[in-house]
Every structure is written in structure tokens, then in C-alpha cells.
Amino acid sequence: MRSSPPRAVRPGSRPARAVALASAARAVALVAMALPSPAAANGVFPSADQIVFDPADPARAVARMTYGLLTTRDGGASWRWICEGAVGYDDAGGQSPPIAAAASGRVLAALTDGIAVGTEGGCVWARARGAELAGREVIDLSVRRGDPSHVVAVAAGTRHGLWASRDGGATWTSAGTPLPEGFLARTVDVAPSDPRRVYVSGLASEGGSVKGVIARSADGGETWQTAAVPGSTTSREPYIAGVDPRDADVLYVRIASAPGRLFVSTDGGATFAPVFATEGFVRAFAISPDGATVAVGSDIDGVFRAPSSTLAFERVSSVAPRCFAWTDSGLYACASEFLDGFTIGRSLDGGATFEPLLQQACIGGPLDCAASTAVGAVCPTDWPRIALMTGHRDCTSDAGPAAAGSGTSAGATGASGASGVGGATAASGGGDRASAAGAGGAPDVPDGGAPPSGGARPSEEGCSCRTGGAEDGRADALAAACLAAVAAARRRSRRAGAATRGALG
């Protein structure tokens, strides 16, 4: 067991970023009001907030978007769309289902009426088998690292408890005894080093009040113990961030609110100590595959990194991540494309810099599936709406103009030729059922036009997108307004900072 962690590190808040986001939001609202249709059909800006990797094929990954799923089969060089209707949900009702990648190429989604299982590369979707689980709201699920056939889930209902699959999510059975009476689950995780160690975060009533707690089991759910997470309530719910891949006793928990907090337990969830604090949300967390390093991301303060042995965090980037996933080939992040220059990026230096892997205008259209499959039957008819929303363009370097909504394949993104991804370990950012609406921003670019040290400017070769008609102009106007608003806000912040320093000097 490790020694007690140091006291919480409270990074300085980033007023410039907050001002930029607020200014961008106002610009987006004004431009959207002047345009013939809203920027996003479901009322939120198009973005990614979870990414998972096929444990058997390092070139395959799936990202959860605010408008369905995106999948890549070539290590991020190209992405195709899977619509919500094919999976079996509708985000107009606020659904943002947790997803997972399991054995045999299966992709799992936790829905309000069961678990959707995607097969045949994501073309075919059906509900998981298991009579007792059918129709139940599945709150969260987790694939055990090192054994992708072992999946656990928590479901609501009269039997609020743990469910397990030993065939990669195809079939499910109830596991152990129900969770403690009055416990409302939010997230679940199984320890990579011990398949019988299971953690569930949630809320519980005690003495007339509701507090955030961790329910922990050392025997696969046969017995449960609970412990309170400091400072967590109904408005500050605890979410499991990750479990150390080497030590089942080391558990990280984040508070899903602002100001954000990250806690660690070194005694199997019995007690918790604060290790990180931010004025914004802690949306992203990941542990390196070897367990030696921890990364945490704040939407206000950027990316922080620390040795897991000391948890002494240092700020390494200004990128504001919405999710992390750390694999053998790098640290992957979801980010704001307007603000940071990419929707999904990869870092080869532990979060200090990122190369773009996905820019949404370069999505290649719906996943190519037979018309007899769920994706092939449903998604093509809805693609024009998504193409309009994302400003779809033909991103091949030698292609001619492509009309918005054409579905033309995009052959490359900002990281064309990226190596495969695999060996994913504990990652966070996808547990929240409903993500907050994102305000548009702009890359953190100084007045001189150089890209920031903490981010990455979109690759002009990878997405040298050609205009494709009036609808593309609409998306360009929206982006330009965001860029202008944020640039102006940052210039004002820098001038104010210089004046303050001069007065103090």
C-alpha cells in the first residue's frame, strides 16, 4: 500500500480561457440566430466525450459524439459515422450512453432499456441477451483490462445491482447480491489486477441526508461495503476515474461538478484524500499503461500530469480535454475543435502536445454497411443533417468541390498514417450520462499566429478541405465568429495582464 498522498494541488484559474469561452458562446448564439437553421439539431455543439479502443485490433476505435458514434479502422486516419437510431437511442432526450469495447470486436452501449451490442464492425446492433436485463436502464459498464471477455455493468430497477458477462457482452447474468438498499449507482469499474474487486460510485441516504459514496466488493459482488467520498452530494456526484492497473487498492474518484476535485484511495475505497483541484470540471482522467503516470484534464486549467508515486501534478498543456484514453501508442484526448484545433488528438509526450486525429468536417459519411443492417438502413437518410451540422467537406488533397451532405469519403485527417492504438488502460470522460452543452471557441493562438505550445494547429494538409457550397459557407461563418470572439478576448486579457504587471512593477 502506498504512503498517504500529498495535499491537494490547486492550480491557478484561467480567466482568459473562461472569458474566451463566454465570448465565443455569445458569438455562436448571435451567428446561429442569423442563420437559417441551428448549429446543432439537438441543441448542443457537435463534440466527442468518450473514446474506446478494440482490445484485439489496435487500429480500431470508437468515439461517442453528441450526434451518435464515430469509428475508425485505420488508427485514426479516417472516421465514419454510426447514427443513434441504428444503436437504439436518441440524444434529443439527453441520452449520452457510456460505451465500451469488448472481446470479439463487440462495441457495447449502456442504454435506458438494456445494452446495445454492435458487431460486424459496427454495422449490426442488437440488444444483449439476458431476460432479466432486458428493458432495464443500464447506468454504466466496464470491460476488464487484460480480459476483454469479462464485462460488468450496473442496472437500475427493483434489483439495483451488478451484472456480469463472460463472453464480451453478448449474454449477461446477475452477479452477487443487490447493492445496499437506497444506493443509486452512477459508475462502475473492475480492477485490472483482480477480477473480483469491483467498485461502484453513487449516492446513498444516511441520517436524512444524501451523500456521495463508493460501494466496494472484494468477492465479485457477493458482499458490499460503502464509504463516503468527501464533499460529494446530489449536486456534486462522485464518478470513478480509474483503478491502478497494478494495485487494486488504489482507486481514483472525480467530482462531477465545478469546482472540480480528484480524490485517491490507497486502501481499497475505505478512505479518500484530495490530490487535485480546479475551478472548472474535471472531465478527463487516465493512467498510463504501466501505471507510472496519471493525467487529469480541466476545462479551465488545461492538462496536468503527475507520477502516480507522488501525485505532484504539474501543468503541461493549455488543451481543455473532455476525455482521455491512454494506450501503448499515446495519450488520446477529446477536445473542443474551435478552441484547441481538434476533436480527437493524440499526444506522444504525456499530454504536452497533441496531433489532430479527427476534425469533424472531414468525417467520411455513414459507415459503409449493407442495406439489410441497422446502420445501412437508417443512417444514410440522416446523413445530410449531420453533414450540415459538422460543415462536411471533401478532405482529400486532390479532390474537387463536394456538396454538403454528399457522403463522400474523407480519406485523411490531421494525423494521416497514424500508427495503431492499443493496450488501453483506465480512462475517464465517458461516464456522464448527459454532457453539458459545449460553447464554441478557437485555438489558443497568439496574436502573431503561432500555434500554442500546449496544443496543435489543425493540419492544413490533413484537412485542406475544399468549400462545398452555401451550407459550407454557413459553417465557415460560425467558425469565423468563434475565432474572432476568442482572439479578441485573449488580446484583451493579455493587455490587462500586461497593465497589471506594469502597475505591480
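Hi everyone, let me start with one side chain: that of Ser217, which reaches the backbone nitrogen of Gly221 at 2.8 Å. Before going on, please keep in mind that what you have on screen is a predicted model.

So where does this serine sit? Ser217 belongs to strand β15, which covers residues 209–217. Is Ser217 buried or exposed? With a relative accessibility of 1%, Ser217 counts as buried, because the limit for that word is under 20%. Gly221 is not the whole story, either. The side chain of Ser217 also makes a polar contact with the side chain of Asp219, at 2.8 Å. And if we leave aside residues up to four places away in sequence, Ser217 touches Arg196, Arg197, Val198, Glu222, Thr223 and Trp224.

Now let me step back to the chain as a whole. The protein chain has 505 residues, and 56% of them count as buried. Its secondary structure comes to five helices and 29 strands. If you take the contacts with a separation of 6 or more, 55% of them are between residues 24 or more positions apart. As for the outside, the protein chain exposes about 18,500 Å², with carbon and sulfur atoms supplying 54% of that area.

On to the aromatic rings. How many aromatic pairs does the structure hold? There are six. One of them is formed by Tyr252 and Phe285, a tilted pair with 5.0 Å from centre to centre and 40° between the planes. This pair links distant parts of the chain: Tyr252 is in strand β18 (residues 251–255) and Phe285 in strand β21 (residues 282–287), 33 residues apart. Tyr252 counts as buried, at 1% relative accessibility, and Phe285 is buried too, with a relative accessible area of 0%.

Elsewhere, Phe276, Phe304 and Phe313 are linked into a cluster by ring pairs. There is also a charge to point out: Arg283 lies over the face of Phe281, 4.3 Å from the ring centre.

That brings me to the salt bridges. Side chains of opposite charge can pair when their charged atoms come close. Searching the whole structure turns up ten salt bridges, and I would like to show you some of them.

Let's take Arg64 and Asp49, whose side chains meet in a salt bridge at 2.7 Å, N to O. Which strands does this pair link? Arg64 is in strand β2 (residues 61–65) and Asp49 is in strand β1 (residues 48–53), with their positions 15 residues apart in the chain. Arg64 counts as buried at 1% relative accessibility, and Asp49 is buried at 2%.

Next come Arg246 and Asp244, a salt bridge in which the closest N and O atoms are 3.4 Å apart. Here the two partners are not alike in their cover: Arg246 counts as partly exposed, at 48% relative accessibility, whereas Asp244 counts as buried, at 0%. My last salt bridge is between Glu314 and Arg305, with the closest N and O atoms 3.7 Å apart. At 44% relative accessibility, Glu314 counts as partly exposed.

Let me turn to the prolines. Pro289 is in the loop between β21 and β22 (293–298). At 18% relative accessibility, Pro289 counts as buried, because the cut-off is under 20%. From C-alpha to C-alpha, Pro289 and Pro245 are 7.5 Å apart in space, while 44 residues separate them in sequence.

I will finish with the backbone. Most residues other than glycine have a negative phi, and most peptide bonds are trans. With that in mind, what kind of peptide bond joins Ala258 and Pro259? That bond is cis, with omega at about 0°. Pro259 itself is in the loop between β18 and β19 (260–265).

Then there are two residues to look at for their phi. Glu120 is not a glycine, yet its phi is positive, at about 55°. You will find Glu120 in the loop between β7 (114–119) and β8 (124–127), and it counts as exposed at 60% relative accessibility. Leu311 also has a positive phi, near 55°. Leu311 is placed in the loop between β23 (302–307) and β24 (314–317). Is Leu311 buried or exposed? Leu311 is buried, with a relative accessible area of 4%.

Thanks for listening, everyone!

Terms used: Residues are numbered from 1 along each chain as its sequence is written. This is a predicted model: local features need pLDDT of at least 70, side-chain atom pairs count only at pLDDT 80 or more; totals for chains, interfaces and linings use all residues. Side-chain values use heavy atoms; hydrogens and water are left out. Helices (H or I, at least four residues) and strands (E, at least two) are DSSP runs, numbered from the N terminus. Buried means under 20% relative accessible area, exposed over 50%, partly exposed in between (1.4 Å probe, protein chains only). A polar contact is a pair of N or O atoms within 3.5 Å; within protein, one must be able to donate a hydrogen and the other to accept it, and residues adjacent in sequence count only if both atoms are side-chain atoms. Contact means heavy atoms within 4.5 Å. Rings of Phe, Tyr and Trp (its six-membered ring) pair if their centres lie within 6.5 Å; planes under 30 degrees apart count as stacked, over 60 as edge-to-face and the rest as tilted. A charge sits over a ring if NZ of Lys or CZ of Arg is within 6 Å of the ring centre and within 35 degrees of the ring normal. Accessible areas come from the Shrake-Rupley method with a 1.4 Å probe; for residues, only the protein chains shown count as cover. A salt bridge is a side-chain nitrogen of Lys or Arg within 4 Å of a carboxyl oxygen of Asp or Glu.
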